[in-house]
Amino acid sequence: VVIMADGCALDTKKYSLLEDFNVDVEVEKQEFETFSLCFWVYLLDSTTYPSTIIRQVHSDMSFSAPFLVLDENKKMILLPLTLLHKEAPDPVNTASWTEVPNVSTTAEFPLQRWVHVGCEVSRNYMRLYICGKMVGEKVLTSVMTNGTNSDNVRRVSLFSVGGDGYSVQGFIHCAQVLPSTVHVNNHYTKDPPLWLSVEKPSTCEVDEDGIWSIVGEKASCGMIFSLDVVLSNAIGQPVRKDVQVVASLLYANSGTPVEKTSDLEAPLLVSYDGVEFSAEDKPCTLLNGCASLKLKISQHYSKCDKRLFCIKFEIPNKGSYPFLEAFTNQMRCISRTGGDSVTPKRLRPLVEGVPSSNGASDSSLSMKRIKLGEEKIPESEFEGGNGTSMEWGPQNQDEEEEEEEEEEDQSSTDSDNTEVRGSTGSRRYTISDSTIFKYCLGNLTERSLIMKEITNNAGDEEVSEFADQVSLYSGCSHHGYQIKMARKLIAEGTNAWILISRNYQNVHWDNVVIEIEEHFMRIANCSSRSLTHQVLLSFPYIKSFDLVFDDATLRREIVAQDFELLRRICGCYDYITQENFEKMWCWLFPVATSISRGLINGMWRSCSPKWIEGFVTKEEAEHSLQSQEPGTFILRFPTSRSWPHPDAGSLVVTYVGRDFVIRHRLLAVDHICDSSERYTDAKPLQDMLLAEPELSRLGR
């Protein structure tokens, strides 16, 4: 099967059902040394455990025996080969299968994602590789002797029948038996399979259940939002192909298409140059495997019995390949002023350490941490000099979600703020209580609009008072940090765009890079390290579950790009508009500001060890920590935290917990730096990190 798209072909002939897998291996020759069975596998979520993935049989066996299995703990296990090893499982005695020596992964095997598996088998050992990295080795006893007849060629068949009782369903890609002269890692990087993915829109809100809320101004008008759709290979590299995808709106619970509106308008629209089309009738082209699509949901949440939606992206005429489909999270489309808005959650109560309304704060309280995320998760502290502590707030496993913000009816803010004349006759801009509460309850777009109005009219003193009031009534002092940087962020961003654009609406990305780099280095106060086009990361840029980094001969240095990540945040490709630039600037400016402050600046400058590995996504950090020892961690700036989000510019520690589960913890930059600046004997940030019981070594 070959999928054609605008003259560009996607060859799918190498993808086959797992149940059709069958290879023969010659294993008994005098010159036999070793062979490696390598393949990519994609298991569907209907897979049950325990199950046999691949079985083995030869001419002297009446029954087949397992070769590669998934146990009841969802771990992959490689068993000895019957023609080579004395420890091989007895085909008749199934109880012996769990007792024989084996090689096992340490983490659960994932479903609905591509994973590379390599099984290296020799006379005296066997090894299991996951995504190019060896995860285990077992020494075995050979049944072959020096007197073996070299002409007696024996073959063993390795095959799959879909598991035990057809319990394993999935796809297999590029299955090969490699000779001893070819390493498993060569197969891993040679021809990775493709998969389609979609990223969360920056304008939506996410609740604690991971549901996206797309908010329109009124029930009769949906809101246009952007989604990035990417066709990449299984090791995370973009595929330089131009293909078409079609988007459709489905009910999340049933997967059935959403009906047209009462006026027969398509439920999902796609916008091109301001003109809207039905998404199902207008395929979108991914240029070089990437596109940022402007969509609008015309069917509202309240008019569909409050059923949740999801958007499905698929390549037309692709056949039944689930990895060439992509689904968004569950979502709802609600109106700001209509009757379908979600009931807002109560503001969090005032917590210790929040500045008082007059701008003062108790130094003994300001060092205490403000809890973020789920209240059930216990907090941890890093004790520094004079009892200072670093803020460490728990986040959900999907750390990249926006702050939980809900909607309520709001009126215009135009008349809320007034100018008053003081006793000296000077004009003073007064910010009303209504504006304060609208900021506390608003989403990111509303907050940015409020801040633009305030910074245009109010002085530094009024802005500082506003920051303190928002911190007080929201119960989160981090809002104040973002509010106080607003004037500088807006002013420098405006000047930067004027300098970059030179009155052009669209600017080529290559012309933007130099200016962005200069602004970043100046704001970050670091001339020794800049943003780079190519940064060598010491962890693999892959999507794997079992990785080993201690074997230097197997490590693969992958080239990543800081500016490529910024381009993705912009949502652009070759050309950048002012809207794209502002989106990127609202993420980059808080990051650069954080880097400019004492503790973070030193870590950013450090090259050995490299405490902060450039701009790293959540997925890259998680992939690099798979199968690492508990306590291994990586520092990164979260890519979804953009101004005026209260956590914009903060650091996140991604680490392996004691239970081998990867977790994400937020380090509030304003509290870290304020404490270090207040106390001259405060410990360096890296020392406070390593003093935490759950963190023991920097992941590389």
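Here are some short exercises on the structure above, each with a worked solution.

Before you start: this is a predicted model, where local features need pLDDT of at least 70, side-chain atom pairs count only at pLDDT 80 or more, and totals for chains, interfaces and linings use all residues. Residues are numbered from 1 along each chain as its sequence is written, and side-chain values use heavy atoms, with hydrogens and water left out.

**Exercise 1. Work out how H3 and H5 pack.**

Step 1: find the two helices (DSSP runs of H or I, at least four residues, numbered from the N terminus; strands are runs of E, at least two). H3 covers residues 433-441 and H5 covers residues 460-474.

Step 2: get the geometry. The angle is about 60 degrees and the axes are 9 Å apart. Axes here are lines fitted to C-alpha atoms, for helices over the stretch in contact, and angles run from 0 to 180 degrees between N-to-C directions.

Step 3: classify the angle. H3 is oblique to H5, given that angles under 35 degrees count as roughly parallel, over 145 as roughly antiparallel, 65 to 115 as roughly perpendicular and the rest as oblique.

Step 4: list who touches whom, with contact meaning heavy atoms within 4.5 Å. Thr 435, Ile 436, Phe 437, Tyr 439 and Cys 440 from H3 meet Phe 466, Gln 469, Val 470, Tyr 473 and Ser 474 from H5.

Step 5: sort them by class. You get seven nonpolar, three polar and no charged residues. Ala, Val, Leu, Ile, Met, Phe, Trp, Tyr, Cys and Pro count as nonpolar, Asp, Glu, Lys and Arg as charged, and the others, Gly among them, as polar.

**Exercise 2. Do the same for H8 and H10.**

Step 1: the axes of H8 (residues 509-524) and H10 (residues 578-595) come within 7 Å and cross at roughly 35 degrees.

Step 2: on the H8 side, the residues in contact are Ile 516, His 519, Phe 520, Ile 523 and Ala 524. Their partners in H10 include Met 584, Trp 585, Leu 588 and Phe 589.

Step 3: by class, this contact has ten nonpolar, two polar and no charged residues.

**Exercise 3. Decide how enclosed H12 is.**

Step 1: count the buried residues (under 20% relative accessible area; exposed is over 50%, partly exposed in between, with a 1.4 Å probe and protein chains only). Seven of the eight residues in H12 (residues 618-625) are buried, so this helix is largely enclosed by the rest of the structure.

Step 2: name them. They're Lys 618, Glu 620, Ala 621, Glu 622, His 623, Ser 624 and Leu 625.

Step 3: find what they pack against. That's strands S36 (632-636), S37 (651-656) and S38 (662-667).

Step 4: check the backbone around these strands. In the loop between S36 and S37 sits Pro 644, joined to Trp 643 by a cis peptide bond with omega about 5 degrees. Phe 660 lies in the loop between S37 and S38, and its phi is near 70 degrees, a positive value in a residue other than glycine.

**Exercise 4. Place Tyr 575 in its surroundings.**

Step 1: Tyr 575 lies in strand S35 (residues 575-576).

Step 2: look at its accessibility. Tyr 575 is partly exposed, at a relative accessible area of 48%.

Step 3: leaving aside neighbours within four places in sequence, Tyr 575 contacts Asn 506, Val 507, His 508, Trp 509 and Asn 580.

Step 4: check a C-alpha distance. Tyr 575 and Asp 510 are 65 residues apart along the chain, and their C-alpha atoms are separated by 8.6 Å.
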